Amino acid sequence: MVNDEELVPIELKVAGRLYVLSVPPDRIEIFREAERKVAASVAARAPGRGLSEALAGVLAASVMAPVFHRCAPRPAYLPTETLREVGQNRGVSISQPVIPPASSTPVRAVLLDADGVLQLIGTPWGEALTRGGGPAFAQAMIDGETDALTGRETLTELLERVVKSLGLEQRASDLLEMWHRATPDPVAWQLVRDLREAGYTTVLATNQQWERRAWMREQLGYDGLCDIDGYSCTLGVAKPDAAYFHRLLELARVEADQALFVDDSATNIAAAREVGLRTIHHPADAGGELLRREVAQALTPAASAPHG
């Protein structure tokens, strides 16, 4: 048996879907070979046979089973049904909790922030702005961002105005590249898919300017991830304004106490609680594994009162 500290994450792609596993370093090539066998099995499976069935069958019957049996690595993510089947057959430690069906909980909609929750941003935003344009630039952007976040002006217009007022040497177009940074968290994105499969309405609840919204949609592939896209620039209102949350509740067609809101900002969490939403204050960039545990716990039938 290996310790969690001795495991490394690897990504496996099967039938167009991404899976992340924690495995011993000396077993990576074995898992890659298993990935190829799984892909071949899925491609050849009979019509109507589910992906999890094909995946679990190959894992249990080929090289993955003895690897799991010998090493018992903790999977960082696999589809719920696959984890259950492989775990029952091979004693694999299942680290990811199952999302309870929407019919078992008062919650009907889950609202998820993007930066720091569904995607990793690395350097904290204020620090990144300071590095990019200096302390005065960072403060000016934070103080003047409301109109850009609510869609009343573009981010480019705001940048050009700040560059001119501060006499900066950088061009607005160069500074704009700072907003083109974020890495989608595949485990968090899979959580969104699992929430939808469990019957919840999922809402992307994010403050973004027109330019960054376009970048997230075109370069990161956000279109279709959630049932409802709540970009602040399209709604004309931004977090932490109470009107932002009321608008999302209207779009999701739920009452405040039927909605669970996840964000990494304490200010936004406090505002959502004032409206009556259930909340999770997720640590920024803490990752999809923690996010899944937080959401699963909040959605258990016993968790019936709003909390954070």
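Accessible area here is computed by the Shrake-Rupley method with a 1.4 Å probe. By that method, the protein chain in this predicted model exposes about 13,900 Å². Carbon and sulfur atoms supply 50% of that area.

Now the inside. The chain has 308 residues, and 48% of them count as buried. It is built from 15 helices and nine strands. Take the contacts between residues at least 6 apart in sequence: 64% of these join residues at least 24 apart.

Before the details, a word on confidence. The mean pLDDT of the chain is 81, and 71% of its residues reach 70 or more. Over residues 1-5 the pLDDT is below 50, and this stretch has seven contacts in the model beyond near neighbours in sequence. Residues 45-94 also stay under 50. For that second stretch the model has 107 contacts beyond four places in sequence. Where pLDDT is low, the predicted coordinates should not be read in detail.

Next, the cores. Which residues have the most contacts inside the largest nonpolar core? They are Leu112, Leu118, Leu195, Tyr200, Tyr222, Leu291 and Val295, in a core of 33 residues. The elements giving two or more residues to this core are the strands β3 (109-112) and β8 (259-263), and the helices α10 (186-197), α11 (210-220) and α15 (288-298). Helix α10 gives the most, with five residues.

Look at Leu118 as one example from this core. Leaving out residues up to four places away in sequence, Leu118 touches, among others, Leu112, Tyr222 and Leu291. Its other contacts include Pro184, Asp185, Ala188, Trp189 and Val192.

Apart from the largest core lies another, of 20 residues. Leu111, Tyr244, Ile269 and Ala272 are among them.

Last, a single helix: α6, residues 135-143. Which residues of α6 are buried? They are Phe137, Ala138 and Met141. Seen down the axis of α6, these buried residues fall within an arc of 100°, so they line one face of the helix. What do the buried residues of α6 pack against? Their partners are α5 (125-133), α8 (155-166) and α9 (172-175). On the face turned away from the buried side, α6 carries the exposed residues Pro135 and Asp143.

To recap: the largest nonpolar core has 33 residues, another has 20, and α6 has its buried residues along one face. When you look at residues 45-94, keep in mind that their pLDDT stays under 50.

Notes:
Residues numbered from 1 in each chain as written. Predicted model: local features only at pLDDT ≥ 70, side-chain atom pairs only at ≥ 80, totals over all residues. Heavy atoms only, no water. Buried < 20%, exposed > 50% of the residue type's maximum accessible area, 1.4 Å probe, protein only. Helix = DSSP H or I, 4+ residues; strand = E, 2+ residues; numbered from the N terminus. Arc of directions from axis to C-beta. Contact = heavy atoms within 4.5 Å. Core = buried A, V, L, I, M, F, W, Y, C linked by side-chain atoms within 4.5 Å. pLDDT = per-residue confidence, 0-100.
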